[in-house]
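Here are a few short exercises to work through with the model open. Try each task before you read its solution.

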Amino acid sequence: MCVSAAGAAAAAPAGPLEAWQVLLFWRFLLGVGIGGEYPLSGAVTAEHASAESSAWQMAGLNLCFLLGQVLAPLVVLACFYAGVSDQATWRAGVGGGAVLALLGALLRGATMFGGKSWAESREGTLWNVLKIVALSAPGYFFTFCIGRFGRRCFQCVGFTVMGIAFFLMSFLYGRGVGGLEVIIFGVQKSFDAMGPGATTFIIPAEIFPTVIRASCHGLSAASGKVGAFVGTLFLPPVQDAVGFQMVLAGCGLLCLLGLLLTFVLTPPYDAETLRVLAETAKTDPGGTTRILWSRRRGTLSDSASVRNVG
């Protein structure tokens, strides 16, 4: 991640390759690095957390995403107000992540080798980004309550409020209330952060058996990235065909679909369920699904009863 981010920031023509082709190469490698770090960070954190502290530690890890979202526009704003050229600004924005990646590598290395474990100007657009990020911040902090109310509950509430927010933005679009739309979008981001934005990261890191945890979390993350790719690819032609207002309404419908799928496919597990999963992982790794859904059936009274199910 560090080398790829730095390489992207320093992209220049190389032999027969133009600068944008070199940049594409480094960005591809950066995606590979992030794709590996994303599931591993969650898997490692969940693996070393107790059942009681898992929700707290996973929420803390999820909070780090907020840090990145705050730093990204701040770096560009700093360049903007310093009068830096456009060329240097985009390079600083792209390469800033190399510093954090290097710091993470050093901290991880210290742990491994005996250390202690720890749209309207550009300016207006960036300030709107910061406003939205600031409005989303409560959602990140509220994830620390996820252990009390449940991962499935947070995902359902998140999808519900996100859907309502998108429908409101669709209704208000073009009515001259841009400031209100920014606020609503920020609220939507907050419930995304505490809802599916967090739970689709936390749940895969917690529920899979140890022997396949990182791989399955990686597959889950990759599935999300495929969805992001499809959405990004089809957004421009769909917007041209139906208009941005209908795109917002469509996002609301997708949130309601996510709510429905959550009810059907996401198990209502808690810390006790995770404790039972840890106890039975070696003797009954194939019983994960049964254990996860046993809370809904009322059969998760204690570890022994779960081990004797079936």
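A helix here is a DSSP run of H or I at least four residues long, and helices are numbered from the N terminus. Keep in mind that you're looking at a predicted model.

**Exercise 1. Find the helix that holds T45, then place that helix in the overall fold.**

Step 1: T45 sits in helix α2, which runs over residues 19-47.
Step 2: Zoom out, and the chain turns out to have 14 helices and zero strands.
Step 3: For the whole chain of 310 residues, 35% count as buried. Its accessible surface is about 17,200 Å², with 71% of that belonging to carbon and sulfur atoms.

**Exercise 2. Decide whether T45 is buried or exposed, and list what it touches beyond its sequence neighbours.**

Step 1: The relative accessible area of T45 is 18%.
Step 2: The cut-off for buried is under 20%, so T45 counts as buried.
Step 3: Skip the neighbours within four places in sequence, and T45 is in contact with Q57, M58 and L61.
Step 4: Now check the backbone: the C-alpha atoms of T45 and G60 are 9.9 Å apart, with their positions 15 residues apart along the chain.
Step 5: Finally, follow the side chain of T45, which reaches the backbone oxygen of S41 at 2.8 Å.

**Exercise 3. Work out what the model shows for the stretch annotated as "signal peptide".**

Step 1: The UniProt annotation, from an unreviewed entry, covers residues 1-31.
Step 2: In the model, that span is 68% helix and 0% strand.
Step 3: Its end C-alpha atoms lie 8 Å apart.

Technical notes
Residues numbered from 1 in each chain as written. Predicted model: local features only at pLDDT ≥ 70, side-chain atom pairs only at ≥ 80, totals over all residues. Heavy atoms only, no water. Helix = DSSP H or I, 4+ residues; strand = E, 2+ residues; numbered from the N terminus. Buried < 20%, exposed > 50% of the residue type's maximum accessible area, 1.4 Å probe, protein only. Areas by Shrake-Rupley, 256 points an atom, 1.4 Å probe, with all protein chains shown as cover. Contact = heavy atoms within 4.5 Å. Polar contact = N/O pair within 3.5 Å; in protein donor to acceptor, adjacent residues only side chain to side chain. UniProt positions renumbered as here; feature names shortened; annotations may be inferred.
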